[in-house]
Amino acid sequence: MAAGLAEFVVIANRLPVDRYIAHDGAVTWRTSPGGLVTALEPVMRRKGGAWIGWHGAPDEKLKPFEHDGLRLVPVPLSAQEVEEYYEGFSNGTLWPLYHDVIAPPEFHREWWDSYVDVNHRFAACAARVAKRGATVWVQDYQLQLVPSLLRGLRPDLRIGFFLHIPFPPRELFTQLPWRRQILEGLLGADLVGFQLPGAAQNFVRLVRERVGHKTHRDLIYLPEGRTVVARAFPISIDVNAFEQLARSENVTARCKEIRESLGNPKHVLLSIDRLDYTKGLRQRLRAFGELIRDGSIDVDDAVFVQVATPSRERVDQYRILRDDIDRLVGRLNGDVGRIGQQPITYLHASYPREEMAALYRAADVMVVTPLRDGMNLVAKEYVACRYDDAGALVLSEFAGAAAELRQAYRVNPYDINGMKAALMEAMGAEPREQARRMKTMRKTVIENDIDHWATAFLDELNFERPSHDKKMRPARGRS
Ligand code: GDG
């Protein structure tokens, strides 16, 4: 690479860019909008950082390249690896297992073998790219073996890992035939970050019981004298950017247009999710449908807009879910709709950021009711866009965001009656009450934005911790 070795390296399953091919065949890359890139871009520039990840096309090798001042290092994946490592082990085994087994995880040895191979490739790539003593930050569940593989190759590096999704309790985690390998993989890091303290505690306890290392609170003492820290760093968003967008003239005009095209109802309810079985679409749509059917709200007064961004469409569970939701929306609209009055507007599509901001501003009630979610950034984005202190947030207690956004209308998404009551309360709240809640939530989100998250993690990662007494005897572990 022209710029030499990197002092700061991010490793994620995907590079933060998407490729566009114009009509004349010209290839351009565009930075994919996402909090992680925004948060890490300044550090990357300051330190001459590199980002390692798959570029999105199978069976293709690309040379490292520069885009928008970012140094990008593509890792190739074969079509079979996309199927086995990514769609298989990452999204068919780990994703459901880490989300309360809402869908049954599948355990296949070929998937695991592919996961191991690909993790080796990412680690080898980082070992080539990182400067002596560099800081390397590994992201998410697709790459849990990278910390220890990389440490094996490059013991001089400082290695951090952050898990964006929940980390399950031992009752679920121990179903995994490769549980010990995953725990040992993560222990290659100096700092293992989670969204919530409970997840960090689950990890520490599993390490103590299954691997046999001594632990004290959020510290894990390895026999070779190294200490691993396991701690929560709740992720956030670029609050300023969202607020600026929400305040812009275009978004203000578009917000008005959206409300008009919905027939200017008294209540606009909104949900935005990747179409995923963890997000609780079924339960919330049922709750809303019942409110109309039992006459609690009039079909002329309320519209529910559900945006479901296409996701993982080659994985079976996701195809089944899409058909289920199509049917459910059709049935509810058929049952309770009138001519010109469809209670649910269902959009299976992806939208530009301005449209998202306009939707947030147009929504009187934002309904975020996942069955399990590491954090849920949509909830924070809604709050960031409501500079007018208006609007109500209905939030699942099983979203990581519920720990911070305590003034939301809190629901258990499995309790349909409870959800109906919360929706009614949110719709009926006085503007003063809504403003009181929104102001407090805004303060929390503004104080804890994405910069704060990245800085807190990197400061902790670079904190010099003296090595502990190497003679400390390990406790007994089971596999
Ligand atoms: C994982 C964890 C954790 C969605 N539709 C569109 C669009 N989005 C954007 C949202 C938001 C992001 O995608 C979704 O983030 P979430 O946090 O809600 O959920 P996951 O995708 O499941 O993310 C989650 C997160 O990682 C971060 O650590 O919070 O728990 O599961 O930013 O705005 N953006 C655009 N068009 C869309 O149609 N532009």
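**Exercise 1. Find where Arg 128 sits, and decide whether it is buried or exposed.**

Solution. Start with the place: Arg 128 belongs to helix α3. Helices here are DSSP runs of H or I with at least four residues, strands are runs of E with at least two, and both are numbered from the N terminus. Before going on, note that this is a predicted model, where local features need pLDDT of at least 70 and side-chain atom pairs count only at pLDDT 80 or more, while totals for chains, interfaces and linings use all residues. Residues are numbered from 1 along each chain as its sequence is written, and side-chain values use heavy atoms, with hydrogens and water left out.

Next, the cut-offs: buried means under 20% relative accessible area, exposed over 50%, and partly exposed in between (1.4 Å probe, protein chains only). Arg 128 has 59% relative accessibility, so it counts as exposed. Last, try a distance: from C-alpha to C-alpha, Arg 128 and Ala 79 are 24 Å apart in space, and they are 49 residues apart in sequence.

**Exercise 2. Work out how the rings of Phe 89 and Tyr 115 are arranged.**

Solution. First, what do you need to know? A pair of aromatic rings is described by the distance of the centres and the angle of the planes. Rings of Phe, Tyr and Trp (its six-membered ring) pair if their centres lie within 6.5 Å; planes under 30 degrees apart count as stacked, over 60 as edge-to-face and the rest as tilted. Searching the whole structure turns up 24 aromatic pairs. In this one, the ring centres of Phe 89 and Tyr 115 are 4.7 Å apart and the planes are at 50 degrees, so the pair is tilted.

Now place the two: Phe 89 is in helix α2 (residues 79–98) and Tyr 115 in helix α3 (residues 109–129), so the pair ties together parts that are 26 residues apart in sequence. Phe 89 and Tyr 115 are both buried. Then widen the view: ring pairs join Tyr 85, Phe 89, Trp 112, Tyr 115 and Trp 178 into a cluster.

**Exercise 3. Find out which face of α8 is buried and what packs against it.**

Solution. Begin by listing the buried residues of α8: Val 239, Phe 242, Glu 243, Leu 245 and Ala 246. Looking down the axis of α8, you'd see these buried residues within an arc of 160 degrees (taken from the directions from the helix axis to the C-beta atoms), so they line one face of the helix. Their packing partners are α9 (249–261), α12 (353–362), α13 and α15.

Follow the last partner. Helix α15 covers residues 431–447, and its buried residues include Gln 434, Met 438 and Val 445. Among the elements covering the buried residues of α15 are α8, α13 and α14 (416–428).

**Exercise 4. Compare two loop residues, Asn 376 and Asp 389, by their phi angles and burial.**

Solution. Take Asn 376 first. It lies in the loop between β16 (365–368) and α13. Its phi is near 90 degrees, a positive value in a residue other than glycine. With a relative accessible area of 7%, Asn 376 is buried.

Now Asp 389, in the loop between α13 and β17. Asp 389 isn't a glycine, yet its phi is positive at about 60 degrees. At 16% relative accessibility, Asp 389 counts as buried.

Definitions and conventions:
Expected span 1.5 Å × (residues − 1). Contact = heavy atoms within 4.5 Å.
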